[in-house]
Amino acid sequence: MESPLLFFLILTTITFTDPVHSQIIYPSENPVPLRSNVTIISNTNITLGTWTFDNNLLALIYPEGFYLSKAKRDRFIYDSNTSSLTIISAQLADSGVYKLEEMDKFSVQVQLSVQEPISNVTLSAQRTDLVEFNDTAVFVCSVSTGTSLSYKWLARDSEISTGPGVQLSNGGANLSIVGLTRSDEGPYICNVSNGLGYKVSPPVYLNISYGANNATMTVDPVKYMYRSGSNITLSCSVESKPTAMVQWMFDGVNLNQFGLQLHLQNVKKNNTGTYTCLFHNTVTMRFSSDSTVIRVMDPISAVVMSEANGPAVLDKAFSLQCEATGLVDSIQWWKNGSRITPDNRTTFGNKTLTLNPVQLSDGGLYMCQVFNLVSNLTSDPFAVVVNYGPMKPTVMGPNVVKSGDTATFSCSAESVPPSLYRWHFNGSVVSNMSEYTTPSLTKDMSWEYTCMALNTITGKNSSASTMLAVVDPIQSVEIQAQMNSTMENYSHNLTCNVVGPADYIYWMKSGNLLLADNRTIFDMKNKTVMFLALNSSDSGHYQCVAVNALGNMTSAHYTLHVIYGPEMPTISGPKAVKPGNSSTLSCYAPSYPPSFYRWYFNDTLVSNMSEYMTPPVTEEKSLKYTCMAFNNITAKNSSASITITAIASIKNVQIDTPTSDAMEGHSYNLMCNVTGAVDNIYWMKNGEQIHQDNSTVFSMDNKTVNFMPVDRYDAGDYVCMAVNAVGNLSSSAYLLQVIFGPDEPIIHGPEFGEAGRNAVFNCSAASMPPSTYSWWFNDSLMANTSEFTAGPLSFNMSGTYKCVAHNHVTEKNSTNSTMLTVIEGIDSVMIQNNLTPISNKNFTLTCLVVGPYDALYWMKDGMQLSLNASDPAPSMYITEDNILHFTQLTTQSNGAYQCVATNKAALHTSQQYKLLVHYGPLNMNISGPGSAKDGAVVSLNCTVDSYPACDFYWFLNNKSSLLKIGSVFSFSATIGKEGDYICVATNPVTNVTMTQTKSFAIENHASANHITNKGAVLLMGLCPVLVHLLLL
């Protein structure tokens, strides 16, 4: 042994190198439980070095072996293969610094802690019954075993930290809380830990007494003033532990009432006063109280309204008086249902309403409404009638009467009350009625008749008069004509003979008033009308009208025929006909009496009729025909002629065009070539005649139409029509197509596109013939069609897309471009929900969107949900981010829901989510007979309103045995089947159960079923509950 010892002494004189960090030692566990084995492991095997503990040698290591300290040899083991050190049954004293050193190479160390496990943690309180604000709580936490202890205190699952009023002592094992409050009751827990783990004490609770404080009184109902006879409940509450004692006081006097409520029944005025509830905590010895004032008043019992000083008279003062039984605080006055407000005519006094002066509009139904703090009462309607008048009377009756007749006059004057009437004639009263009928009248009874109206209330009267004239009537009126002839240009007279007095006469011709002119004059006060020189226009039906004060009379018609003519004849018929055709000619000359007619050809009479058909006309001739008219009374005649020419029909009409195309901006013409005689040429475009303007010019008698220049709007179907005396002929339609374009293209397509999807662009340009198209992007040809689909899109496809339109005839190009921005797309939109929709429950739908989006909205049954305040049912839905909340489900919530996510490029709509709300059962009913004959088959049908369909169960007389499962129960009627049939319906989703009972009896048989004791009654009540439990 001397050699290893000597070797160690040598090692101690050698300086070891600094620690090398690539070599490490570490314990197999740390900390180490007391009496457990632990190995300190080295990652490097050494041949020359030492193990030390707290700088004391444990092992000396050398090339031939190692030396282990005698004191440690029984519990320490060195492994020369790994240089590891094992401690057997570690003790607390084994805690310390272990170091491994290899000479001239490295030195490494590790801190090892041996600890005893914690057991049996207990928590105790010095006192648990404490008073708020007064007492201090002291807790002691202890363990049976354990070392290196650390303490953590918790109250109500929250860690307690030191601060004002909270102190820790004895290494944290003791806790003191000064100035406790009611919230400090706990539970309290002590958590003790070391490196090996932790243990928690059982909870400890404090019983903290507090209050009484914050006493609060509530009154039901709440009123400033209570009506006598009311019932009032006063309720008091207080914060107190233990429960405080309460007593009630009225105006400081103890009422010997000790509950939390004081009921005042049928209160009277003497119940007015201050009510106080006083609380006393017998543990804390603290008091708290609250008070309220109760005021009681009797209601108004009767209201009567009357006139204060007589009836209402127009323009005078008038007052109404309102009398009430009971205390009155205020009075409101009403008229015809509208409240009256004071003005310069309307004033309110003590219980009076005064109108000064009264107007007609003041009439109506008046009421006074009387108020106090507990009641109001309205009088019965009081009718106010405004007395006035009489106004100036209105006299109705004739002003002129035929002698021998009577006249009836009526008199009316606006007046309240209605007036009395008197009629006066020549200073005498002839009637005391409003209507007066004269005796048979003579001319000397023509004069003034006066009516006087009298109002007995206002004491006023008013008069009005009318004049009556008594005259003789017109008996007859007739026209007498002069006996001379009524030849045109001769004079002639008509005379009106009247039997009876006439004030004036006027004349009518053919229903119109006849007026004088330079040929027609009136004489003898219009009795005679004189025609100085008759004209054919004077012919007609004449009447004269005689007029006097009684009326008028009109003569019978007198027809005046003026003899004249014939005037120059008018010949009707064609002046040109096709060769070989006849012509029908008609001749008419104004004349009275009507003329006779003769037709002449080459001075030869060919017809004695007014109408004549010629023989066929040849092409070589123009033929002249003459018509002569003759009046056998005037012995005059008159003639006229017509020449008829034969003209051939137009044979052919066609449109000739230049050989070149009609190019927009250049001149162009169309020519109408006609075969045959032509008088006029017309041009039509698309069925409508065209007219000359600044750019459309006709030449060569309309034969040519020149477009100077032609433009695209001149394109269309052109027709030229040639016309002569015997007809017209139109060309075939010529379609004029104008070559033009292309104009600047119009591009339809999106501004934004989603990556991975397609974008479709359409290009169109006005052009004739139609253009060809090409699409370009970054100077590369993309397509040779008007429609171009770009895609699938990627971000490098953002940019300018150009469309080029080309017309192969004009050899022109036109270009336009559009900008496309590729954005990140929305990959998917779907609705998610994990709850079962049940009526009257809250419910949510979540819109899951994969990809960025700008906005999101919801749809129901294809319509966007309106979620603003103006919606009639806004409370049904609430949105929060991507969630749709149903505040309370109803069957109105049913529908197909979709969410729509939008970005700048597109709308993305989810699949439909079909929402069907589960509800019920509701509206339960059992149909079927309540009785039947013995032996009959009876079916009872149980129905409810429910989704999904309910499960049905049948029972009889509350017995626990199940009769049948299903909504329909059929049985054969027997005496044993009498009783109460119970149907129980359960919704398997909502778990709601509903019960309905139907009694059944055998006809003509008294049922013996009855409830024999209270136990049966209890069983009946429990039956639905038991059924529900059986079905769970």
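**View 1. A four-stranded open sheet in the predicted model.** Here we're looking at an open sheet whose strands follow the order 16-15-19-20, with antiparallel pairing. At the edges sit strand 16 (158-159) and strand 20 (197-200), each of which pairs on one side only. Zoom in on one edge and you'll find strand 16 running antiparallel to strand 15 (residues 150-155), the two joined by two bridges. To get your bearings there, look for Ala155, which stands opposite Ser158 of strand 16.

**View 2. The disulfide between Cys322 and Cys368.** The model has ten disulfides, and this view picks out one of them, with the sulfur atoms of Cys322 and Cys368 sitting 2.1 Å apart. The torsion about this S-S bond is about 75°, so the Cys322–Cys368 link is right-handed. Cys322 belongs to strand 32 (residues 318-325) and Cys368 to strand 37 (residues 364-372), so the bond ties together parts of the chain that are 46 residues apart in sequence. Is this pair buried or exposed? Cys322 and Cys368 are both buried.

**View 3. The disulfide between Cys411 and Cys451.** The two sulfur atoms here, from Cys411 and Cys451, are 1.9 Å apart. Which hand does this one have? With a torsion of about -90° around the S-S bond, the Cys411–Cys451 disulfide is left-handed. It links distant parts of the chain, 40 residues apart: Cys411 comes from strand 43 (residues 408-412), while Cys451 comes from strand 47 (residues 447-454). As for accessibility, Cys411 has a relative value of 5% and so counts as buried. Cys451, at 0%, counts as buried too.

**View 4. An aromatic cluster of five residues.** Now for some rings: Phe409, Trp423, Phe425, Tyr436 and Tyr449 form one aromatic cluster. If you're matching this up with the Cys411–Cys451 view, Phe409 falls in the range of strand 43 (residues 408-412) and Tyr449 in that of strand 47 (residues 447-454).

**View 5. The disulfide between Cys763 and Cys803.** Another disulfide joins Cys763 to Cys803, with an S to S distance of 2.0 Å. This link is left-handed, with -90° about the S-S bond. Cys763 lies in strand 79 (residues 759-764) and Cys803 in strand 83 (residues 799-807), so you're looking at a connection between distant parts of the chain, 40 residues apart. Both of these cysteines, Cys763 and Cys803, are buried.

**View 6. A stacked aromatic pair, Phe777 and Tyr801.** The count of aromatic pairs comes to 31. In the one shown, the rings of Phe777 and Tyr801 are stacked, at 4.3 Å centre to centre and with 10° between the planes. Phe777 sits in strand 80 (residues 772-777) and Tyr801 in strand 83, which puts the partners 24 residues apart in distant parts of the chain. Phe777 is buried, with a relative accessible area of 9%. Tyr801 is buried as well, at 1%.

**View 7. Cys950 and the closest cysteine sulfur.** Last up is a cysteine without a bond to its closest counterpart. Why is there no disulfide between Cys950 and Cys942? The closest cysteine sulfur to that of Cys950 is in Cys942, 8.7 Å away, so the two are too far apart for a bond; the cut-off is 2.5 Å. With a relative accessibility of 8%, Cys950 counts as buried.

How values were computed: Residues numbered from 1 in each chain as written. Predicted model: local features only at pLDDT ≥ 70, side-chain atom pairs only at ≥ 80, totals over all residues. Heavy atoms only, no water. Buried < 20%, exposed > 50% of the residue type's maximum accessible area, 1.4 Å probe, protein only. Pairing = 2+ DSSP bridges. Phe/Tyr/Trp six-rings, centres within 6.5 Å; stacked < 30°, edge-to-face > 60°.
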